[in-house]
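The following exchange concerns the reasons behind several descriptive terms. Each answer sets a computed value against the criterion for the term.

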Amino acid sequence: MSNGVKTLDGVALVTGAGSGIGRQICISYAHAGCRAIALADVNLEGVKETISLIKAQRYSTKTLALEANVADAISVKNMVAQTVKAFGSIDYGSFFDLMPGWYGTDTETGNTAANVAGITTTARVPTAKYPHQEYDKILEINTKGIMICMQEQIQAMQKQTATCTPGIDNPRRAQRGSIINIASVTGFSGLQNMMPYNVSKHAVIGLTKSAAVDHGRDEIRINAVCPGMTETPMVATRTTSIPGKSSGWAVDGNTRQRLALPEEIADVCIFLSGCGASYMSGSSVVVDAGHLAAL
Ligand code: NAD
């Protein structure tokens, strides 16, 4: 490519691929030239729609549709095993012709997984009265689900060869894997009447830091992306279900005065997956047009 867009050449595994941000991450990876993508979701129909959107653009990316529940350890084990079986690895490569003198013009390979699947609260209740059952459900999917996914992804990545030997070739390229967990700006602030979601996203940031510290020496980089409110079906539910709050409420606190587009979140994921982010691990990258800065 000569338009300054990053070119990817590898395999990605994306959970939550059947809707919203996960769907867009898959489309953006395909647009950027990704060789193959395993798309996983509890909603297989949603995954098939995402694949249709990729095929409609005539991208050459191979796709694998996987029905998987991120909160179920056996399902996640199968998801990772099927990805490795179909495509050889959870592999990811990128080169950046935007700044060829900096990154080099050859392909820099790595490995990537994006853990995007998540749910929001259905109840809108203050902490003192929050139903325990819903608390458990949100934490099971949003937090334990990320942990289970990372465990399987890390074990698969540990078996793969690091793409370059540090110190011999360009040390920036020496990575065995890159994992991205989708947290939220609500991982940094309080959130009224949605305590379990708020807790779950704080926890994703903690999980990301612990895993990054534990597996840095395996040459696996692990980062969180923390979106502000983004135009997806999840937010449509949230903004219309809060009494007295219209979607205007959701954009008041940011500098762009609008919700994020899923593409704006996906682009940050592409950067974090590749070797351009070779010195980033354990980070929580906020993508919120200044929403948190303004609090
Ligand atoms: P979405 O509802 O459009 O998509 C979520 C996807 O996750 C759906 O396809 C759903 O089927 C899937 N999913 C749910 N539970 C699952 C499970 N147990 N196993 C596998 N797949 C499952 O939502 P979205 O807005 O695209 O959200 C994606 C992620 O981004 C979530 O983790 C969400 O918390 C986070 N996030 C969203 C926003 C936002 O404003 N939309 C902001 C910050 C963070």
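Q: Why are H5 and H6 called roughly parallel to each other?
A: In this predicted model, the axes of H5 and H6 cross at roughly 20°. Angles under 35 degrees count as roughly parallel, and H5 and H6 are therefore roughly parallel to each other. Their axes come within 9 Å, and the crossing is right-handed.

Q: What makes the contact of H5 with H6, and which classes of residue does it have?
A: Contact requires C-beta atoms, placed from the backbone, within 7 Å. Residues of H5 in this contact include Ile138, Leu139, Ile146 and Met150, and those of H6 include Val199, Ala203, Val204 and Leu207. By class, the contact has 14 nonpolar, four polar and one charged residues.

Q: How do you know which term fits the arrangement of H1 and H2: roughly parallel or roughly antiparallel?
A: The axes of H1 and H2 cross at roughly 25°. The limit for roughly parallel is under 35 degrees, and for roughly antiparallel over 145. H1 and H2 are therefore roughly parallel to each other. H1 passes H2 in a right-handed crossing, with the axes coming within 10 Å. Arg23, Cys26, Ile27 and Ala30 of H1 make the contact with Thr50, Leu53 and Ile54 of H2. These residues divide into five nonpolar, one polar and one charged.

Q: What makes E4 and E10 stand at the edges of the sheet?
A: Seven strands form an open sheet with parallel pairing, in the order E4-E3-E2-E7-E8-E9-E10. E4 (62–67) and E10 (284–287) each have a single partner strand, so one side of each is left without a neighbour in the sheet. From one strand to the next, the twist averages 15°.

Q: How do you know that E7 and E8 pair?
A: Pairing requires at least two bridges between the strands. E7 (residues 112–115) and E8 (residues 177–182) have four bridges, in the parallel sense, so the criterion is met. Asn115 has Asn181 in E8 as its bridge partner.

Q: Where does H6 lie with respect to the strands, and at what angle does it run to E9?
A: H6 (residues 195–215) lies across E8, E9 and E10, running at about 165° to E9. H2, in turn, lies across E3 and E4, at about 170° to E4.

Q: Which residues come nearest to the ligand?
A: Of the 30 residues around the ligand, Ser19, Gly20, Gly118, Thr232 and Met234 come nearest. H1, H5 and H7 are the elements that give two or more residues to this shell. By class, the shell has 15 nonpolar, 14 polar and one charged residues.

Technical notes:
Residues numbered from 1 in each chain as written. Predicted model: local features only at pLDDT ≥ 70, side-chain atom pairs only at ≥ 80, totals over all residues. Near = placed C-beta within 6 Å. Nonpolar A, V, L, I, M, F, W, Y, C, P; charged D, E, K, R; others polar. Axes fitted to C-alpha atoms, helices over the stretch in contact; angles between N-to-C directions. Parallel < 35°, antiparallel > 145°, perpendicular 65-115°, else oblique. Left-handed = near helix turned anticlockwise from the far one by under 90°. Contact = placed C-beta atoms within 7 Å.
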